[in-house]
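Please look over the sequence and the three-dimensional structure shown here before reading on. The paragraphs that follow lead through it step by step.

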Amino acid sequence: MSTLRELHNQAMDLTEAAILARMHNRHAPEILTLTRKAFEYERRAADLLADPTAPEPSRSVMHRSAATLAANCGEYREAERLIGRALAGEPPEEIAEELRDLLERVYFERHLRLRGITLLATEVQVSISGREVAPGLAPSQDMLDRLQHITRLVYRTLDRKANVPFRETVPSDKYRDLLFISTPRAASFAVTLHLGYGNQLPLPGHDLTEGVLEDILDGVKLVNEGRVEDLARLIPDPAYNRNFVGLTKRIAPDGEKVSQVGFTMRGGLEERAVQLTRVQAQIHIKTSSMSTTPHGLELRRVVGELKFADARHGPRARIKLISDASRREYTVIVPSGWMADIVKPLWQDRVVVTGIPRNDDTIELQDISRAD
Amino acid sequence: VVDANLTTVDFDDLTFPMPALTEAFGKMMAEAASVCFDACGHETVVRMLVQAQIDGTWSRDVEVHRWPVDDHMRRSFNDLEEAVEYGSYGLAILLIKKIAGFAVVERSAQGTGIDYWLGDHVEGAPIQSKARLEVSGILRGTDSVVRRRINDKVAQATANSSPLPTYVVVVRYQRPDCTLVKP
């Protein structure tokens, strides 16, 4: 009979092998097989510590570890059972919190499933969950901002798939009647977005919307997995690419109020769910042709009010920022693809700008977000 | 501070067997950190400021001997965020061994990665009587960003009067510097 330590070590060696396989871009079934084997060993190890009087923190950490592996290979019921058993003991508060976070993730996976909701091929369910999201209730600004960014993502993808060169203005004119929203549902918090023509059917071969939602889900999945080169193959145009990553970053979880954002759609008879779990701070955007900061130069971060915007001079627009700390005025060069969708919604807000210093008062924008 | 004469850290040490680190995973961490230093334009010997607040305060320039980086290695870390994460774990594991005298002796699955636990023995039930290793890395960032990372990790470690001892390590590649704190 294997000992607790032997089982646990087997599980962790297999977990390492699964991570290495993922990093070396091996096929998904191989990664899943390794993760599933790791889970089976770790569950047997956790079972040896099932007794509520087993020593802590070993008991709760082993249960959390087994439940994590269960969730990673799609065994959500098993994950729920292990988390429940761990919480029924006396876990240290820190581990108990992590178990609750994991349970939230497991339930979010359940909410991503459609469970009786019928979606057309032109519809996508958008769900969010997190500490400030209750069933059917979400912070309005957080949800509305995300829906606005998803709408922009749809407009830009429609343009891109129609081979329209990137427009620095918002391309809403001809698309504004194409996107519809359902009533919210009490999943975590979910709505359905319908992309289509209302009652009017498009002429064959003239359906602008075809493949748009699948394309967006493909892109979101690549951003979430950090697959920059694959995203560049999907969206080769730098302005569209930068715009896509910028919008996805704003849709992504903040890690505090919202911890997960999910998309579910129907592809044939199958449901397809894509989770955006990478938090905003972990999504980086390459600006202009310069992908890295010149050696020895540190990024500059300025907090201030966004007061002035000038988009008259082609794709490299400029904004001005009055620093909170020094009241100094900074000129910020905005890369193509960002002005209308990323910067404009922050007009006259207090923002945090991070960028490459060009001189004492000029910064090339790398990131911008609303200040807390 | 165990090794008072600490002047160098060599990534080759990550490939020696450790109780909770396979050779393959240690090699991956060494490559990840090397890719990050390379992305910031550092040579193969990097002078890094190491500051420790573990039973007293300690600060010193340490020579980090990283591995040479080729295109194949760069490509295998297409996601630089992942390279930053695992590279920082590699550096933390080497430094904590030299500064606090602890090795990583236990692992557990956490999220899509691995959580490490420090100690000086591997007897008894896994995780028992071990300290947690909390690591955060950034490629580039201002001092205030680094300070915020340290404060967040320390706050996380001290929240809820946790009985679990924790070592917090924050690595910045561009400057480059590394801060180790035992709250």
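**A walk through the predicted model**

Among contacts in chain A between residues at least 6 apart in sequence, 63% join residues at least 24 apart. What you see is a predicted model, and its chain A holds 10 helices and 10 strands. Of the 372 residues in chain A, buried residues make up 51%.

A good place to begin is helix 2 of chain A, which covers residues 28-47. With 1.5 Å for each residue, the 20 residues of this helix should span 28 Å, and the C-alpha atoms at its two ends are indeed 28 Å apart, so expectation and model agree. Which residues of helix 2 of chain A are buried? They are A:I31, A:L34, A:T35, A:A38, A:F39, A:E42, A:A45 and A:A46. When one looks down the axis of helix 2 of chain A, these buried residues fall within an arc of 140°, and they therefore line one face of the helix. A general property of helices helps in reading such a list: an α-helix has 3.6 residues a turn, so residues three or four places apart point the same way. The buried residues of helix 2 of chain A pack against three other helices of the chain, namely helix 1 (4-23), helix 3 (58-72) and helix 4 (76-87).

Two of these neighbours can be described in more detail. Two packed helices are described by the angle between their axes and the distance between the axes. For helix 1 and helix 2 of chain A, the angle is about 160° and the axes are 8 Å apart. Angles over 145 degrees count as roughly antiparallel, and that is why helix 1 of chain A is roughly antiparallel to helix 2 of chain A. The contact draws on many residues, including A:L4, A:L7, A:A11 and A:L14 of helix 1 of chain A, and A:I31, A:L34, A:A38 and A:Y41 of helix 2 of chain A. Helix 1 of chain A passes helix 2 of chain A in a left-handed crossing.

Helix 2 and helix 3 of chain A pack at an angle of about 150°, with their axes 8 Å apart. By the cut-off already used, this angle makes helix 2 of chain A roughly antiparallel to helix 3 of chain A. Among the residues that make the contact are A:T35, A:A38, A:F39 and A:E42 of helix 2 of chain A, together with A:M62, A:A66 and A:L69 of helix 3 of chain A. The crossing of helix 2 and helix 3 of chain A is left-handed. In the loop between these two helices lies A:P57, and the peptide bond that leads from A:E56 to A:P57 is cis, with omega near 5°.

Other loops of chain A also repay attention. Is A:A121, which belongs to the loop between helix 5 (93-112) and strand 1 (123-129) of chain A, buried or exposed? Its relative accessibility is 53%, and because exposed means over 50%, A:A121 counts as exposed. Leaving aside residues up to four places away in sequence, A:A121 touches A:L213, A:M265 and A:R266. The C-alpha atoms of A:A121 and A:G196 are separated by 9.9 Å, although the two residues are 75 residues apart along the chain.

Two further loop residues of chain A have a positive phi without being glycine. A:N163, in the loop between helix 6 (140-161) and strand 2 (179-181) of chain A, has phi near 60°, and with a relative accessible area of 69% it is exposed. A:Q348 lies in the loop between helix 10 (339-343) and strand 9 (350-359) of chain A; its phi is about 65°, and with a relative accessible area of 47% it is partly exposed.

Chain B can be read in the same manner. The 20 residues of its helix 3 (residues 80-99) should span 28 Å at 1.5 Å a residue, and the end C-alpha atoms are 28 Å apart, which agrees. Helix 3 of chain B is mostly covered, since 16 of its 20 residues are buried. After helix 3 of chain B comes B:G101, whose phi is positive, near 80°. Further along, a cis peptide bond joins B:R175 and B:P176, with omega about -10°, and B:P176 is found in the loop between strand 7 (166-172) and strand 8 (177-181) of chain B.

Notes
Residues are numbered from 1 along each chain as its sequence is written. Chains are lettered from A and ligands numbered from 1 in the order in which they are written. This is a predicted model: local features need pLDDT of at least 70, side-chain atom pairs count only at pLDDT 80 or more; totals for chains, interfaces and linings use all residues. Side-chain values use heavy atoms; hydrogens and water are left out. Helices (H or I, at least four residues) and strands (E, at least two) are DSSP runs, numbered from the N terminus. The expected span of a helix is 1.5 Å times one less than its number of residues. Buried means under 20% relative accessible area, exposed over 50%, partly exposed in between (1.4 Å probe, protein chains only). The arc is that of the directions from the helix axis to the C-beta atoms. Contact means heavy atoms within 4.5 Å. Axes are lines fitted to C-alpha atoms, for helices over the stretch in contact, and angles run from 0 to 180 degrees between N-to-C directions. Angles under 35 degrees count as roughly parallel, over 145 as roughly antiparallel, 65 to 115 as roughly perpendicular and the rest as oblique. A crossing is left-handed if the near helix is turned anticlockwise from the far one by less than a right angle, and right-handed if clockwise.
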